[in-house]
Amino acid sequence: MSVSPDTPARTSAAITGFKRTFADELTPFTVPWQGAETPDPRLLVVNESLADDLGLDIAALTSDDGVALLSGAAAPADAVPVATAYSGHQFGGYTPLLGDGRALLLGELIDRGGRRVDLQLKGSGRTPFSRGGDGFAVVGPMLREYLVSEAMHALGIPTTRSMSVVATGRDIQRTGAEPGAVLARIAASHLRVGTFEYAIRNTGLTQQLADYAISRHYPELAKASEAGDGNRYLAFFEAVLERQAALVAQWMLVGFVHGVMNTDNTTISGETIDYGPCAFLDAFDPSAVFSSIDHAGRYAYGNQPAVLKWNLARFAETLLRLMAPTPDEAIAAASDVLATYEARYEHHFATGMASKIGLTEAFSEPELVADLLTLMRDHRADWTGTFRALADELRGDQVPIISLMPREQIGPWLERWRRELARLGREPGAVAEAMDTVNPVYIPRNHQVDAALRAATDGDLEPFTRLMDPVTHPFERRTEWAHFAAPAPQAFSDSFQTFCGT
C-alpha cells in the first residue's frame, strides 16, 4: 500500500531501543502510519512493574513526552510505527481484510529476560484498515482490557499485558459522547491465525511468515529442522495447537469467557488477546454468553474448546503447501495432528480440575469431576467460590459450600471425595492449602468491573484502583477484600451484557 498518514510525525525519546524485525522482514504486511493528535492527553494508569521488566525509565515514560508517545500523538525517535494487515473468520464468516483498524505497532522491545515483545497502541486513530470506523477507543473498554489482562497474568494464564491507558481529551461518539483513551499493550507478538490467512490469499509469503513465527516463538523447531528432524512446518502447527489447547483449558478452569474467538484473535504465540466482550462466570452455566453480538451463542463458555479446534483447522489450511510434497499427503498429516487436539485439551483440563479439588495424583474415581460439575450446573453454583468453599470444607467450615448447594445434594459427593483423599493418603489441611494455590479468591467480577468502569468514565478512578489490588493478587485472601469475592446479585447476572469496545 502507498498510503501515508495525514499528519507529520512528532517524535519522542521517552522509550528508545525499538527493533522492527516484523516490519523489516515482512514489509507487505505493514503500512507506516502515525497516530492522531491528542487534544489533552492525561495518563490514567501505568504499569510500573511491567515497565521495569522492560528496562524502561518510569520517569521518562510518565513525562509529557512519554504520555505523547503512549497516546500515539508522537512516534518513537528510533522507530516508525506501522499498522499491520490480517484477515480473519469472524463468527465463522471470512473477511479478506481486517487489519489494525485502530492500532499501531510502535515496534519491538527486548525485556530483561531477553524476550522480544511488541509494544502496540490501541485506539490511536484511523488507519488504512479502519473500514469506516473512527479508529478511536474510549476509557471504559481500554481500562477493562488493562484490568482483565493484568488479572489473567496474575492467574498465571498466558496473555498480552497492559502498559498504560491515556485519556486523550477527545470525546468519542458511541451511544453518546464518551471520553477517548488509548491503551498501550505488550504482546509476545501480534501474529495471529488471521495473519496467515492474509498471507496465503494476498502476499504469497506464507513460508517467510512461518519461518519468522518459528524463529520468534518456536526456535527449537528451527534447530530440529537444521538437524534433519522432521518437517518444521508440521511441527510448527503441532506446537501452536498444543499451546492453544493448554490455553483454552486454562480459560475453562477459571471460568473465563473470551466472547470473540475469531481467527484474528487466535495468537500464534499462545497468548490470550483482545479483551473486548470478555467476562467471567458467576453461576456455572456451560451455555453462558455475555457478548451482545453473539446472538447464536457461538462463543459460549462451553463451546470454547470446540471453537478453538475450528480455528486451528483454518490455521492448518494456510500451511498445507508447506507440510508435504502433495496436497493429499499434507491434508492427511495435518488431519492426524488436528485429531490429537481433544486428547490434549482433555489432558490439560482434567489435570487442572484434579488440582482444583486437591487430587493431584492419579485418582480412582474420574466421575468425581463430572459429577461435581453437574451439581454446580444444576444449582447454578458460583464457579470461583465453589472451589474455595471445598477447601474450607476440609478445614471444618461447612457454611461456604452449603450456601452454594444444599447439603442433601452435595453431601454424598463430599463423602466420595473425602474417601478418595483418604485412599490417596492426603491430609485434609495440606490438601486445602494446596487447593488455595490454584483456586483464586478474586477474579474480575462482572458487576464490580462494570461499576468501576462506569465511575472511571465519569472521571472517578478510585473504584478501578481499588479493584486492581485484589484481582492482581487473586490467591491472597484478605479481610479488607472480602466484598470483592462476592458474586453478583442474580438480577445483575441475568441481564449483564458485554460489548466489543469499539
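The second largest pocket here has a volume of about 610 Å³. Of the 22 residues lining this pocket, G140, P141, E178, D450 and F499 sit closest to its centre. Keep in mind that this is a predicted model. Below you'll find the pocket, a well-enclosed strand, and the spots that UniProt flags.

**The second largest pocket**
- Two elements, α5 (139-154) and α18 (446-457), each give two or more residues to the lining of the second largest pocket.
- α18 puts in the largest share of that lining, with four residues.
- By residue type, the lining of the second largest pocket splits into seven nonpolar, nine polar and six charged.

**Strand β12 and its partners**
- Strand β12 covers residues 177-187, and nine of its 11 residues are buried, so the rest of the structure largely encloses it.
- β11 (residues 161-173) runs antiparallel to β12, and nine bridges join the two.
- Within that pairing, S164 stands opposite A184 of β12.
- Getting from β11 to β12 takes a hairpin of three residues.
- β9 (residues 116-122) also pairs with β12 in the antiparallel sense, this time over five bridges.
- If you want a residue to look for there, Q120 has R185 in β12 as its bridge partner.
- β10 (residues 137-138) is joined to β12 by two bridges, again antiparallel.
- Here A137 is matched with A181 of β12 as its bridge partner.
- As a rule, side chains in a regular strand alternate between the two faces of the sheet.

**The annotated active site, D264**
- An unreviewed UniProt entry carries the annotation "active site" at D264.
- You'll find D264 in the loop between β13 (256-257) and β14 (279-280).
- D264 counts as buried because its relative accessibility is 6%, and the cut-off for buried is under 20%.
- Setting aside residues up to four places away in sequence, D264 touches a run of residues made up of Y86, S87, G88, H89 and Q90, plus L98, R192 and G194.

**The annotated binding site, N265 and D274**
- UniProt (unreviewed entry) also places the feature "binding site" at N265 and D274.
- N265 is in the loop between β13 and β14, and D274 is found in the loop between β13 and β14 too.
- With 8% relative accessibility, N265 counts as buried.
- Not counting neighbours within four places in sequence, N265 is in contact with R192, H258, V260, I273 and D274.
- On the same basis, leaving aside neighbours within four places in sequence, D274 is in contact with K122, E145, R185, H258, V260 and N265.
- So the two annotated residues, N265 and D274, are in contact with each other, and R185, one of the contacts of D274, is the residue of β12 that bridges to Q120.
- R192 turns up in two contact lists, that of D264 and that of N265.

**T318 in helix α10**
- T318 lies in helix α10, which spans residues 304-323.
- Its relative accessibility is 3%, so T318 counts as buried.
- Beyond its neighbours within four places in sequence, T318 is in contact with F196, E197, I200 and T206.

Methods: Residues are numbered from 1 along each chain as its sequence is written. This is a predicted model: local features need pLDDT of at least 70, side-chain atom pairs count only at pLDDT 80 or more; totals for chains, interfaces and linings use all residues. Side-chain values use heavy atoms; hydrogens and water are left out. UniProt positions are given in the numbering used here, feature names are shortened, and annotations may be inferred rather than shown by experiment. Buried means under 20% relative accessible area, exposed over 50%, partly exposed in between (1.4 Å probe, protein chains only). Contact means heavy atoms within 4.5 Å. On a 1 Å grid over the protein atoms alone, a cavity is a set of points where a 1.4 Å probe fits but cannot get out, and a pocket is an open set with protein on both sides within 12 Å along at least five of seven lines; lining residues have an atom within 4 Å of a point. Grid points are joined across faces, edges and corners, and a volume is the space filled by probe spheres set on the points. Ala, Val, Leu, Ile, Met, Phe, Trp, Tyr, Cys and Pro count as nonpolar, Asp, Glu, Lys and Arg as charged, and the others, Gly among them, as polar. Two strands pair if DSSP finds at least two bridges between them.
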